[in-house]
Amino acid sequence: MALAARLVSRSRQLYSVQAALANGGLTQVRSFAKEAAPVSGDDLLKGIFFEVKKKFETALGVLKKEKITIDPDDQTAVANYAQVMRTVREKADLLSDSQRIKYTIETFTKGIPDARTYLDTLQQLRKKSGLIDDMGIEDMMMEALEKVEKDIKKPLLRSDKKNMGLLLAEFDKINKKLGIRKEDLPKIEENLEMELAKAELTELKKEVVEAMEGQLKREEFKDEAMPDVRKLDIRNFL
């Protein structure tokens with residue numbers, strides 16, 4: 001699972017980086033400060049609070065309706081759990097991993113004119129996030145940039161579509177070297193989603209069993225039998 005998670009994470013980051021870099025920083029991102037009229041600090045905090053509250057209530061509403069079977073060894077139960085979590089994200093308007101990566105990149109690189117500063121900024125973001133570039137992607141991308149800038153004999157600007165095409169061609173070589181194909185990402189991500197769902201169900205089962213075992217140690221429950229965790233309906237506890 002660790003290998004799959006690392007592969008899909010790196011793949012998504014690589015394609016997000018390349019897409020945003022080629023876009024020249026023109027992609028629209030959420031910028032409430034520019035679109036909305038000036039508001040006071042209290043009103044801003046109030047708006048944020050109600051937005052979070054709304055998302056929480058929406059997510060809770062989905063969980064109250066959908067049946068979750070706590071059985072990580074049942075593939076059907078795992079698939080159902082993954083679908084429920086997907087519905088939660090869609091209904092509550094929560095970002096997926098790939099959307100979060102893209103949004104972060106666009107937000108922090110918007111307005112950067114040249115490719116070198118762009119890649120340097122990405123490296124800083126990665127380090128601040130505590131991520132490790134164990135595949136050496138950053139070095140390969142920087143080497144590709146240096147090759148292009150050496151050929152064109154000037155710094156590469158993101159608005160220079162012709163020469164940006166040369167850089168993207170070099171990036172395609174990197175993708176091929178790493179064995180990453182864009183068309184494979186949806187399937188890889190789907191498999192990873194199932195593995196993560198199973199891991200979360202496993203952890204949930206562990207916590208539920210520990211909680212029940214703790215309850216059975218109490219005097220008033222000493223004659224009670226341990227319930228089958230698979231038959232529990234968590235909707236009754238929400």
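Reader: Let's start with Lys 153: where is this residue found?
Author: Keep in mind that we're looking at a predicted model. Going by the helix assignments, Lys 153 sits in the loop between H7 and H8.

Reader: Is Lys 153 buried or exposed?
Author: The relative accessible area of Lys 153 is 73%. The cut-off for exposed is over 50%, so Lys 153 counts as exposed.

Reader: What is the phi of Lys 153 near?
Author: Most residues other than glycine have a negative phi. Lys 153 isn't a glycine, yet its phi is positive, near 60 degrees.

Reader: On to the two helices on either side: at roughly what angle do the axes of H7 and H8 cross?
Author: H7 covers residues 137-152 and H8 covers residues 161-178. Their axes come within 9 Å and cross at roughly 145 degrees.

Reader: Is the crossing of H7 and H8 left-handed or right-handed?
Author: The hand depends on which way the near helix is turned from the far one, anticlockwise or clockwise. For H7 and H8, the crossing comes out right-handed.

Reader: How many of the residues in the contact of H7 with H8 are nonpolar?
Author: On the H7 side, the residues in contact include Ile 137, Met 140, Met 141, Leu 145 and Val 148. H8 brings in Leu 166, Leu 167, Phe 171 and Ile 174, among others, along with Asn 163 and Glu 170. Sorted by class, the contact has 4 charged residues, 1 polar and, for the nonpolar class, 12.

Reader: Now salt bridges: how many are there by this rule?
Author: A pair counts if a side-chain nitrogen of Lys or Arg is within 4 Å of a carboxyl oxygen of Asp or Glu. By that rule the count is 14.

Reader: In which helix do Lys 53 and Glu 57 both lie?
Author: These two side chains form a salt bridge at 2.6 Å, N to O. Lys 53 is partly exposed at 36%, and Glu 57 is partly exposed too, at 44%. They're 4 residues apart, about one turn of the helix they both belong to, H3.

Reader: What about Glu 193 and Arg 89: how many residues apart are they?
Author: Their side chains meet in a salt bridge of 3.3 Å, N to O. The pair links distant parts of the chain, with Glu 193 in helix H9 (residues 185-216) and Arg 89 in helix H4 (residues 75-91), and the separation is 104 residues.

Reader: Is Glu 193 buried or exposed?
Author: Its partner Arg 89 is partly exposed, at 29% relative accessibility. Glu 193 comes in at 18%. Buried means under 20%, so Glu 193 counts as buried.

Reader: Which residues do salt bridges that share partners join into one network?
Author: After the Arg 230 and Asp 228 bridge (3.0 Å, N to O), there's a linked set to look at. Here the salt bridges share partners, and the residues joined are Glu 51, Lys 55 and Asp 93.

Reader: What is the phi of Asp 93, which is not a glycine?
Author: Asp 93 is in the loop between H4 and helix H5 (97-109). Its relative accessibility is 48%, so it counts as partly exposed. Its phi is positive, about 55 degrees.

Reader: Which residues does Arg 230 touch, not counting those up to four places away in sequence?
Author: Arg 230 is in the segment after H9 and is partly exposed, at 46%. Arg 230 and Asp 71 are 159 residues apart in sequence, but their C-alpha atoms are 5.7 Å apart. Leaving out sequence neighbours up to four places away, Arg 230 touches Thr 69, Ile 70 and Asp 71.

Reader: What percentage of residues 187-214 is helix?
Author: An unreviewed UniProt entry lists this stretch as "coiled-coil region". In the model its end C-alpha atoms are 41 Å apart. Strand content over the stretch is 0%, and helix content is 100%.

Reader: Stepping back, how many helices does the protein chain have?
Author: Of its 238 residues, 32% are buried. Among contacts between residues at least 6 apart in sequence, 71% join residues at least 24 apart. The chain has 0 strands, and its helices number 9.

Methods:
Residues are numbered from 1 along each chain as its sequence is written. This is a predicted model: local features need pLDDT of at least 70, side-chain atom pairs count only at pLDDT 80 or more; totals for chains, interfaces and linings use all residues. Side-chain values use heavy atoms; hydrogens and water are left out. Axes are lines fitted to C-alpha atoms, for helices over the stretch in contact, and angles run from 0 to 180 degrees between N-to-C directions. Contact means heavy atoms within 4.5 Å. Ala, Val, Leu, Ile, Met, Phe, Trp, Tyr, Cys and Pro count as nonpolar, Asp, Glu, Lys and Arg as charged, and the others, Gly among them, as polar. UniProt positions are given in the numbering used here, feature names are shortened, and annotations may be inferred rather than shown by experiment. Buried means under 20% relative accessible area, exposed over 50%, partly exposed in between (1.4 Å probe, protein chains only).
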